[in-house]
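I open this notebook to record what I looked up in one structure, entry by entry. Each entry takes up one topic.

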Amino acid sequence: MNGPAMARVVADRGLCTGHAVCVAMADDVFDVDDHGIVVLLREVVGEADGQRVAAAVRGCPRTALRLEEAEPGAAQPAE
Ligand code: SF4
């Protein structure tokens, strides 16, 4: 391993219809607002969270979530 791989989470709130599957799978990254629409608690996730967050992204029934490769120097994941 060459240090922590970083990924950026992107949410399309226009597609989200609030099933909250993502929240159930990774409630440290995803939440829903008062209207039930997804909000990101943090955008950049490290390797330790990668598989769990990727599963949440795949689990979204609206395909409203995606992961992008984070640029080097992106904000560190919140602890
Ligand atoms: S799983 Fe998808 S549709 Fe459901 S709250 Fe999360 S982003 Fe929105």
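**Entry 1. The sheet.** In which sense do strand β1 and strand β4 pair, and over how many bridges? I note first that the model is predicted. I find that β1 (residues 7-11) and β4 (residues 44-45) are paired in the antiparallel sense, over 2 bridges. At the residue level, A7 has V45 of β4 as its bridge partner.

I then turned to the pairing of β1 with β5. Strand β5 covers residues 65-69, and 5 bridges join it to β1 in an antiparallel arrangement. I looked up two of the residues concerned: V9 has L67 of β5 as its bridge partner, and V10 has R66.

Taken together, I record an open sheet of 3 strands in the order β4-β1-β5, with antiparallel pairing. Strands β4 and β5 are its edges, since each pairs on one side only. I add the general background that strands of a sheet pair through backbone hydrogen bonds, in either a parallel or an antiparallel manner.

**Entry 2. The chain as a whole.** I list 2 helices and 5 strands for the protein chain. Read from the N terminus on, the elements follow the pattern β-α-β-β-β-α-β. The protein chain has 79 residues, of which 35% count as buried.

**Entry 3. The nonpolar core.** Which residues have the most contacts inside the largest nonpolar core? I find V9, C22, V29, F30, V45, V53 and L65 in that role, within a core of 17 residues. The elements β1, α1 (21-25) and α2 (47-59) each supply at least two residues of this core. Helix α2 gives the largest share, 3 residues. As a general remark, nonpolar side chains tend to be buried together in soluble globular proteins.

**Entry 4. The ligand.** Where does the ligand lie with respect to the cavities? I note that the space taken by the ligand is the largest cavity. The residues that surround the ligand are C16, T17, G18, H19, A20, V21, C22, V38, C60, P61, R62 and L65. By class, I count this shell as 8 nonpolar, 3 polar and 1 charged residues. Two members of the shell, C22 and L65, return from the previous entry, where both are listed among the residues with the most contacts inside the core.

**Entry 5. Positive phi at A20 and T63.** I looked up the backbone of A20, which is not a glycine and yet has a positive phi of about 65°. The loop between β1 and α1 holds A20, and A20 also belongs to the surroundings of the ligand. A20 counts as partly exposed because its relative accessibility is 27%.

Is T63 buried or exposed? T63 is exposed, because its relative accessible area is 62% and the cut-off for exposed is over 50%. T63 likewise has a positive phi, of about 45°, although it is not a glycine. I place T63 in the loop between α2 and β5.

**Entry 6. V39.** I find V39 in strand β3, which spans residues 38-40. With a relative accessible area of 27%, V39 is partly exposed, because that class lies between under 20% for buried and over 50% for exposed. I also looked up the separation of V39 from V29: the two are 10 residues apart along the chain, and their C-alpha atoms are separated by 8.6 Å. V29 is one of the residues with the most contacts inside the largest nonpolar core.

Terms used. Residues numbered from 1 in each chain as written. Predicted model: local features only at pLDDT ≥ 70, side-chain atom pairs only at ≥ 80, totals over all residues. Heavy atoms only, no water. Pairing = 2+ DSSP bridges. Helix = DSSP H or I, 4+ residues; strand = E, 2+ residues; numbered from the N terminus. Near = heavy atom within 4 Å. 1 Å grid on protein atoms, 1.4 Å probe; cavity = no way out; pocket = protein on both sides within 12 Å on 5 of 7 lines; lining within 4 Å. Sits in = over half its atoms within 2 Å of the grid points. Nonpolar A, V, L, I, M, F, W, Y, C, P; charged D, E, K, R; others polar. Core = buried A, V, L, I, M, F, W, Y, C linked by side-chain atoms within 4.5 Å. Buried < 20%, exposed > 50% of the residue type's maximum accessible area, 1.4 Å probe, protein only.
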